[in-house]
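Thanks, everyone. I have one structure to go through this morning, and I will keep to what can be read from the coordinates.

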Amino acid sequence: MATPRSIRRVVTVAAILALAACTRPSPPAAPPVAGCVEALRAAGVPVEPWSAPGGGTCRVEAPVRLARTGLFFERPLETSCPLALAWVRYEAELRALARRLTGHELAAVEHYGSWACRRMTGNAGRASLHARALALDVAGFRLADGSRVTVERHWRDPGPHGRFLRAAAKAACGHFAMVLTPESDRWHRDHLHFDLGPFAGCDA
């Protein structure tokens with residue numbers, strides 16, 4: 001039989017857990033489609049048109065192609081405007097982290113793409129957020145000194161490159177609903193996955 005003391009302990013633990021859940025930061029809201037392209041242009045980002053699917057499971061709302069933001073992309077990024085705008089808002093923090101932790105400016109982003117008309121990895125019953133260009137897979141970065149920082153090689157590196165990658169993933173949690181890393185599962189051993197939800201999580 002439970003004693004009054006054990007009951008109080010259970011109630012106290014439950015209250016602490018409930019309080020923690022209430023104080024946990026909410027995931028950031030995805031930028032709205034309305035006014036999104038104008039917001040990118042106001043931020044000085046050149047926006048090119050992209051003929052993405054306009055209907056079906058793999059439709060993309062407000063498709064944009066970016067060759068660069070403040071950074072260059074190793075190949076043009078074809079994505080949705082809300083994902084692009086979330087990236088632009090994240091980028092200033094990302095660049096500051098690179099300067100502080102590596103001593104160099106960021107120059108370019110290496111990525112595996114945003115849009116891909118496919119099912120979710122590890123769950124074939126659900127369409128991937130890549131199917132609507134609401135996700136982006138980042139493989140690494142190039143610094144201004146010419147060196148490369150890759151998730152596959154440097155994620156667990158104790159040096160400045162590894163510290164930068166881990167800090168970059170953590171900072172992304174303030175701009176994207178879901179951040180997946182090599183800590184998440186074997187499918188993310190070589191890249192960082194950022195998406196706009198609806199599910200939320202931060203594996204940084």
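I will start with the overall make-up, then take the disulfides, the nonpolar core, one strand and a group of rings.

First, a caution: this is a predicted model. The chain has 204 residues, and buried residues make up 42% of them. Its secondary structure comes to five helices and 10 strands. The accessible surface is about 10900 Å², and carbon and sulfur atoms account for 55% of that. If you take contacts with a separation of 6 or more, 54% of them are between residues 24 or more positions apart.

Now the disulfides. There are three disulfides in the model. Counting bonded cysteines along the chain, the pattern is 1-3, 2-4, 5-6.

Take C36 and C81 to begin with. Their sulfur atoms are 2.1 Å apart, and the two form a disulfide. The angle about the S-S bond is -100°, and the link of C36 and C81 is left-handed. It joins distant parts of the chain: C36 is in helix α2, residues 36-42, and C81 is in helix α3, residues 81-102, with the two positions 45 residues apart. Both C36 and C81 are buried.

Next, C58 and C117. Here the sulfur atoms are 1.9 Å apart. The value about the S-S bond is 80°, and this link is right-handed. This pair, too, links distant parts of the chain. C58 is in the loop between α2 and β1, while C117 is in the loop between β3 and β4; they are 59 residues apart. Why does C58 count as buried? Its relative accessibility is 9%, and the cut-off for buried is under 20%.

That leaves C173 and C202, a disulfide with its sulfur atoms 2.0 Å apart. The torsion about the S-S bond is about 85°, so this disulfide is right-handed. C173 lies in the loop between α5 and β8 and C202 lies in strand β10, so the pair ties together parts that are 29 residues apart in sequence. Is C202 buried or partly exposed? At 42% relative accessibility, C202 counts as partly exposed. Its partner C173 is buried, with a relative accessible area of 17%.

On to the interior. As a general point, nonpolar side chains in soluble globular proteins tend to be buried together. In this model, the largest nonpolar core has 45 residues. Which residues have the most contacts inside that core? They are W87, F164 and F176. Several elements each supply at least two residues of this core, among them α2, α3, α5, β6 and β9. The largest share comes from α3, with 12 residues.

F176 deserves a slide of its own. Leaving aside neighbours within four places in sequence, F176 is in contact with P28, L83, A86, W87, Y90, F194, D195 and L196.

Two of those contacts, F194 and D195, bring us to strand β9. In general, side chains in a regular strand alternate between the two faces of the sheet. Both faces of β9 are covered. L192 and F194 are buried on one side, and H193 and D195 are buried on the other. What does β9 pair with? With β6, the pairing is antiparallel over four bridges, and L136 stands opposite F194. With β8, the pairing is again antiparallel, over three bridges, and there L180 stands opposite H193.

Last, the rings. The model has eight aromatic pairs. One of them is Y90 with F176: the ring centres are 5.8 Å apart and the planes are at 80°, so the pair is edge-to-face. Y90 is in helix α3 and F176 is in the loop between α5 and β8, 86 residues apart, and the pair links distant parts of the chain. Both residues, Y90 and F176, are buried. Ring pairs also link F73, W87, Y90, F176 and F194 into a cluster.

To pull the threads together: F176 is in contact with W87, Y90 and F194, and it belongs to the ring cluster with those residues and F73. W87 and F176 are also among the residues with the most contacts inside the largest nonpolar core. That is where I will stop.

Methods
Residues are numbered from 1 along each chain as its sequence is written. This is a predicted model: local features need pLDDT of at least 70, side-chain atom pairs count only at pLDDT 80 or more; totals for chains, interfaces and linings use all residues. Side-chain values use heavy atoms; hydrogens and water are left out. A disulfide is a pair of cysteine sulfur atoms within 2.5 Å. Buried means under 20% relative accessible area, exposed over 50%, partly exposed in between (1.4 Å probe, protein chains only). Contact means heavy atoms within 4.5 Å. Accessible areas come from the Shrake-Rupley method with a 1.4 Å probe; for residues, only the protein chains shown count as cover. A nonpolar core is a set of buried Ala, Val, Leu, Ile, Met, Phe, Trp, Tyr and Cys residues joined through side-chain atoms within 4.5 Å. Two strands pair if DSSP finds at least two bridges between them. Rings of Phe, Tyr and Trp (its six-membered ring) pair if their centres lie within 6.5 Å; planes under 30 degrees apart count as stacked, over 60 as edge-to-face and the rest as tilted.
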